[in-house]
Amino acid sequence: MSTKKLLIAVIMAVFILSTNIYAESDVVYSMHTNDKKIALTFDDGPHPRYTLEILDILAEYDVKATFFTIGQNVDLYSDVVKAEFDAGHEIGNHTYSHSNMKYLSEESIYNEIIDTESTIYSNTSYKTKLLRPPEGMYCDAVKKVADENDYKIVCWSIDTLDWAHTPESEIINNVLTSVKGGDIILFHDYVSGRSTTIEALKVIIPTLLNEGYSFVTVSELINS
């Protein structure tokens, strides 16, 4: 390599490091796999009723999932997040106040993550390693803070839209007609008003099990 080309390469490397540019590959939406492994994820909880109902369904079919919890809700319903952890499910970080992280300073992003990590740890002795930004919204600052604190950002490949009170029949049809191995499916265990998630899961889980799918946590899917 010529001196000129080497100098250009060094300048570009310094520029990338100084501007904290992160590749899109740093964010997980799904995993490429030949196996029929999929991950169920639940956002916004814990909820004093719906989360427990979901835990009962998961236990009925011996299925493990990943719960992306909001720190404020963990503080309110610590017994529920303990139930998630005690049942062998994975706990993820969904920030403390569910703020749009694209518009926060790096300090605020850090506080949202670490405050949630602390309250989860104080209730479960488990250190979260996965971050799901609210609404899947992130920017380079979010990636930078996540990377500096050993977090993997996780989004999803199938959105059930259960948060919008989508009828369970539509949720079931959407999931069953589009699912494939490696998918990460987004549900919510905390919604305002009536949840359609519970009834949808009662059909989706046994149907996919009968089709040869296996349900794993997000970390298991990433590492498989």
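This passage describes the main pocket and a selection of the salt bridges in a predicted model.

The largest pocket of the predicted structure has a volume of about 280 Å³. Its lining comprises 15 residues, of which D44, H98, E135, W163 and H188 are the closest to the pocket centre. When the residues of this lining are sorted by character, six are nonpolar, five are polar and four are charged. The general approach behind such a description is that rolling a probe the size of a water molecule over the atoms shows where empty space is left.

Attention then turns to charged side chains, for which a search of the whole structure finds nine salt bridges. Three of these pairs are described here in turn.

In the pair formed by K202 and E199, the side chains meet in a salt bridge with an N to O distance of 3.2 Å. Both residues belong to helix α8, which spans residues 197-210, and because they lie three residues apart in that helix, they are separated by about one helical turn. K202 is partly exposed, with a relative accessible area of 42%, and E199 also counts as partly exposed, at 35% relative accessibility.

Salt bridges that share partners join E106, K144 and E148 into one network. Within this network, K144 forms a salt bridge with E106, and the closest N and O atoms of the two residues are 3.1 Å apart. This pair links distant parts of the chain, since K144 lies in helix α6 (residues 140-148) and E106 in helix α5 (residues 106-124), with their positions 38 residues apart in the numbering. The surroundings of the two partners can be described by their accessibility: K144 counts as buried because its relative accessibility is 12%, which falls under the 20% limit used for that class, whereas E106 is partly exposed, with a relative accessible area of 36%.

A further salt bridge is formed by K64 with D62, where the closest N and O atoms are 3.7 Å apart, a separation that meets the criterion of lying within 4 Å. Here K64 is partly exposed, its relative accessible area being 27%, while D62 counts as exposed because its relative accessibility reaches 62%, over the 50% limit that applies to exposed residues.

Taken by accessibility, the lysines described above include the buried K144 and the partly exposed K64 and K202, while their acidic partners include the partly exposed E106 and E199 and the exposed D62.

Terms used
Residues are numbered from 1 along each chain as its sequence is written. This is a predicted model: local features need pLDDT of at least 70, side-chain atom pairs count only at pLDDT 80 or more; totals for chains, interfaces and linings use all residues. Side-chain values use heavy atoms; hydrogens and water are left out. On a 1 Å grid over the protein atoms alone, a cavity is a set of points where a 1.4 Å probe fits but cannot get out, and a pocket is an open set with protein on both sides within 12 Å along at least five of seven lines; lining residues have an atom within 4 Å of a point. Grid points are joined across faces, edges and corners, and a volume is the space filled by probe spheres set on the points. Ala, Val, Leu, Ile, Met, Phe, Trp, Tyr, Cys and Pro count as nonpolar, Asp, Glu, Lys and Arg as charged, and the others, Gly among them, as polar. Buried means under 20% relative accessible area, exposed over 50%, partly exposed in between (1.4 Å probe, protein chains only). Helices (H or I, at least four residues) and strands (E, at least two) are DSSP runs, numbered from the N terminus.
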